[in-house]
Amino acid sequence: MKLDEKLVSLRKKKGITQAELAENVQVSRQAVSKWESGSSLPSIENLRGLSKLYGVYIDYLLNEDEAEEGEPFLQKSTVK
């Protein structure tokens, strides 16, 4: 699964909008839209924020070989 697909899947599982995600990681909603469409990539700093928000390793986000069923969760995330 590619990064853009993982980002969409994780956001939907969390039940938040692109605007809410953007607010949580302090970027514009347009930036989130570009990440999720695959037209741009998040910076390392933004990957850290996404990793923390979703409770997954950065390696999971970047490794296209890892399927959704194998999501390595860090811990239960409490951020909404």
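The chain runs α-α-α-α-α along its sequence. It holds 5 helices and 0 strands. The model is predicted, with an average pLDDT of 88 over the chain. Two helices, helix 3 and helix 4, are described below by their buried faces, followed by single residues of note.

**Confidence**
- A pLDDT of at least 70 is reached by 81% of the residues.
- Among the elements of the chain, helix 3 has the highest mean pLDDT, at 98.
- Helix 5, residues 58–62, has the lowest mean among these elements, at 93.
- Where pLDDT is low, the predicted coordinates should not be read in detail.

**Whole chain**
- Of the 80 residues in the chain, 36% are buried.
- The exposed surface comes to about 5,100 Å². Carbon and sulfur atoms supply 49% of that area.
- Take the contacts with a separation of 6 or more: residues 24 or more positions apart account for 51% of them.

**Helix 3**
- Helix 3 spans residues 29–37. Its buried residues are Ala31, Val32, Trp35 and Glu36.
- These buried residues lie on the same side of helix 3, because they cover an arc of only 130° around the axis.
- An α-helix has 3.6 residues a turn, so residues three or four places apart point the same way.
- The cover over the buried residues of helix 3 includes helix 1 (3–14), helix 2 (18–25) and helix 4 (44–54).
- Gly38 follows just after helix 3 and takes a positive phi of about 80°.

**Helix 4**
- Asn46, Leu47, Leu50, Ser51, Leu53 and Tyr54 are buried in helix 4.
- Seen down the axis, the buried residues of helix 4 fall within an arc of 165°, so they line one face of the helix.
- The face turned away from this buried side carries the exposed residues Ile44, Glu45 and Lys52.
- Helix 1, helix 2, helix 3 and helix 5 are included in what covers the buried residues of helix 4.
- Gly55 comes just after helix 4, with a positive phi of about 70°.

**Arg11, a buried charged residue's surroundings**
- Arg11 is found in helix 1. Its relative accessibility is 10%, under the 20% cut-off, so Arg11 counts as buried.
- Leaving aside neighbours within four places in sequence, Arg11 is in contact with Ile16, Thr17, Gln18, Leu21, Glu36 and Tyr54.
- Two of these partners recur above: Glu36 is among the buried residues of helix 3, and Tyr54 is among those of helix 4.

**Exposed residues**
- Ile44 lies in helix 4. With a relative accessible area of 59%, Ile44 is exposed.
- Ile44 and Ile58 are 14 residues apart in sequence. Their C-alpha atoms are 9.1 Å apart in space.
- Gln26 lies in the loop between helix 2 and helix 3. Gln26 is not a glycine, yet it has a positive phi of about 60°.
- At 73% relative accessibility, Gln26 counts as exposed.

**Rings**
- The charged end of Lys6 sits over the ring of Tyr60, 4.2 Å from the ring centre.
- The count of aromatic pairs comes to 0, with ring centres required to lie within 6.5 Å.

Conventions. Residues numbered from 1 in each chain as written. Predicted model: local features only at pLDDT ≥ 70, side-chain atom pairs only at ≥ 80, totals over all residues. Heavy atoms only, no water. Phe/Tyr/Trp six-rings, centres within 6.5 Å; stacked < 30°, edge-to-face > 60°. Lys NZ or Arg CZ within 6 Å of the ring centre and 35° of its normal. Buried < 20%, exposed > 50% of the residue type's maximum accessible area, 1.4 Å probe, protein only. Helix = DSSP H or I, 4+ residues; strand = E, 2+ residues; numbered from the N terminus. Arc of directions from axis to C-beta. Contact = heavy atoms within 4.5 Å. Areas by Shrake-Rupley, 256 points an atom, 1.4 Å probe, with all protein chains shown as cover. pLDDT = per-residue confidence, 0-100.
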